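Please look through the structure below with care, keeping the sequence at hand, and then read the report that follows.

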Amino acid sequence: MLALLPAAAQDPPSDHRSDVVKKGEYLARTGDCVACHTAPEGKVFAGGRAMPTPFGTLFASNITPDAETGIGKWSADEFYGAMHSGRFPDGGLIYPAMPFPSYTKVTREDSDAIFEYLKSLPPIRQPNRPHDLSFPYNNRSLILGWRTLFFNEGEFKPNSQQSDEWNRGAYLVEGLGHCGMCHSPINALGGTSESKAFQGGLIPMQDWYAPSLTSNKEAGLGDWSIEEISDLLQKGVSARGAVYGPMAEVVYNSLQYMTDEDTRAMAVYLKSIAQDQPEAPSSSVNTTEASLLISLGKTVYDRDCASCHGGKGEGKPPHYPPLAGNQSIQMESAVNGIRMVLNGGYPPATLKNPMPHGMPPFAVTLSDDEVAAVVSYIRTAWGNRGTPVNAADANRLRSAPLE
């Protein structure tokens with residue numbers, strides 16, 4: 001897990017500036033800036049974090065107020081230009097690993113507050129690492145074409161037909177929260193279209209599946225209560241499930257620090273975009289193989305899983321999530337379920353759930369056939385409508401990165 005955000009420098013600001021700095025700190029948490037701009041074991045916001053992509057490795061920049069290696073010489077206008085337009089002060093194009101397609105929605109007032117907070121921090125002298133991109137992606141001019149296809153510049157415009165709470169939630173989800181960066185399908189060019197926003201997809205280079213936020217067959221939250229959604233965002237656990245993988249880091253670094261009002265607003269918005277999608281998932285496993293897998297899977301489940309998740313998948317919420325009727329178990333992609341069986345994991349430790357219960361890894365004790373079998377059983381038992389998976393799927397994910 002990453003370090004907490006640093007406090008402002010020692011010189012006390014004026015009361016007005018102090019309020020702006022505090023607001024900026026809150027917004028920086030909301031935008032989860034620390035996640036990318038801090039290297040493992042590195043100094044907070046000093047950059048250097050490697051960000052593998054299908055096109056090569058990018059290294060996050062230093063955003064402390066150091067005059068030579070950070071943003072110490074930037075003006076508020078130039079910072080807003082980076083957030084809103086995806087351009088450096090000299091006009092250079094920023095690679096879209098920085099979510100400026102979402103940050104463009106951030107208001108000038110909020111951008112200025114984040115800038116004031118960053119300027120208040122102790123400067124850290126740490127030169128930025130050059131990116132290591134393969135040809136032709138090391139040619140920044142190609143970003144112009146990407147921007148033409150996938151970038152729509154413009155601040156968030158409230159919907160007059162919706163409540164203030166809904167609009168606040170939409171602003172946070174679509175803007176600073178940049179939820180669509182993971183929860184939208186990413187094409188071969190590293191972009192996504194607005195028409196497919198929040199429809200889910202595999203996160204490149206991480207081998208985790210970010211479920212659709214619109215489909216009630218995945219993470220669509222139409223039949224969740226506002227409280228259940230808010231709990232998941234802020235605590236990392238709820239009566240309906242828990243977060244793991246990349247989402248656990250988002251909750252740890254960002255969402256747990258948000259106010260009850262803001263997490264509720266996000267919940268209101270997320271619930272409103274959920275809708276039924278009747279397409280049934282398809283399986284590459286034949287009927288005979290599926291029958292054998294499910295039979296073996298019940299044996300494995302009864303032996304290794306039932307003590308926590310219950311003989312009928314009822315779980316012991318919120319600490320041990322229910323598996324019966326759990327949408328995350330039934331998604332078309334079984335990646336997350338397989339990874340949880342292989343690698344185990346913990347929900348994040350949060351202010352409202354400081355001692356989470358975890359799941360042990362079974363990669364060493366279960367064969368590929370057993371992993372496929374127990375995942376297939378869980379996806380199809382107790383009325384679940386997922387499809388079976390095969391041993392090759394389990395084997396491939398044994399080599400998936402763990403961070």
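## An enclosed helix

In this predicted model, helix 15 covers residues 335-343, and because seven of its nine residues are buried, the helix is largely enclosed by the rest of the structure. The buried residues of helix 15 are Val 335, Asn 336, Ile 338, Arg 339, Met 340, Val 341 and Leu 342, a list in which Asn 336 and Arg 339 appear beside residues such as Val 335 and Leu 342.

Which elements do the buried residues of helix 15 pack against? They pack against two strands, strand 4 (201-203) and strand 5 (208-210), and also against two helices, helix 16 (368-380) and helix 17 (391-397). Just after helix 15 the chain reaches Gly 344, which takes a positive phi of about 65°.

## Nonpolar cores

In soluble globular proteins, nonpolar side chains tend to be buried together. The largest nonpolar core of this model holds 47 residues, and within this core the residues that touch the most other members are Phe 45, Leu 118 and Leu 270. Several helices give two or more residues to this core, including helix 1 (15-30), helix 3 (76-85), helix 5 (108-119), helix 7 (164-176) and helix 11 (260-273). Another core, made up of 28 residues, lies apart from the largest one, and among its members are Leu 323, Val 374, Val 375 and Tyr 377.

## Aromatic rings

The structure holds 11 aromatic pairs. One of them is formed by Phe 45 and Tyr 117, whose rings meet edge-to-face, with 6.5 Å from centre to centre and 80° between the planes. This pair links distant parts of the chain, since Phe 45 belongs to the loop between helix 2 and strand 1 while Tyr 117 belongs to helix 5, and the two residues are 72 residues apart. Both Phe 45 and Tyr 117 are buried.

Trp 166 and Tyr 269 form another edge-to-face pair, at 5.1 Å centre to centre and with 75° between the planes. Here too the pair links distant parts of the chain, with Trp 166 in helix 7 and Tyr 269 in helix 11, 103 residues apart, and both of these residues are buried. Ring pairs also link Phe 100, Trp 146, Phe 150 and Phe 151 into a cluster. In a contact of another kind, Arg 29 lies over the face of Tyr 257, at 4.0 Å from the ring centre.

## Cysteines without a bond

How many disulfides does the model contain? The count comes to zero. Cys 179 is in no disulfide, and the nearest cysteine sulfur, which belongs to Cys 182, is 8.9 Å away. Cys 179 is nevertheless buried, with a relative accessible area of 17%.

Why does Cys 305 form no bond with Cys 308? The closest cysteine sulfur to that of Cys 305 is the one in Cys 308, and because the two sulfurs are 8.7 Å apart, they are too far from each other for a bond. Cys 305 is buried as well, with a relative accessible area of 13%.

## A three-stranded sheet

Three strands form an open sheet in the order 1-2-3, and their pairing is antiparallel. Strand 1 (50-53) and strand 3 (132-133) stand at the edges, and because each has a single partner strand, one side of each is left without a neighbour in the sheet. Strand 1 runs antiparallel to strand 2 (residues 56-59), to which four bridges join it, and Ala 50 stands opposite Phe 59 in strand 2.

Note on methods
Residues numbered from 1 in each chain as written. Predicted model: local features only at pLDDT ≥ 70, side-chain atom pairs only at ≥ 80, totals over all residues. Heavy atoms only, no water. Pairing = 2+ DSSP bridges. Core = buried A, V, L, I, M, F, W, Y, C linked by side-chain atoms within 4.5 Å. Buried < 20%, exposed > 50% of the residue type's maximum accessible area, 1.4 Å probe, protein only. Disulfide = S-S within 2.5 Å. Phe/Tyr/Trp six-rings, centres within 6.5 Å; stacked < 30°, edge-to-face > 60°. Lys NZ or Arg CZ within 6 Å of the ring centre and 35° of its normal. Contact = heavy atoms within 4.5 Å.
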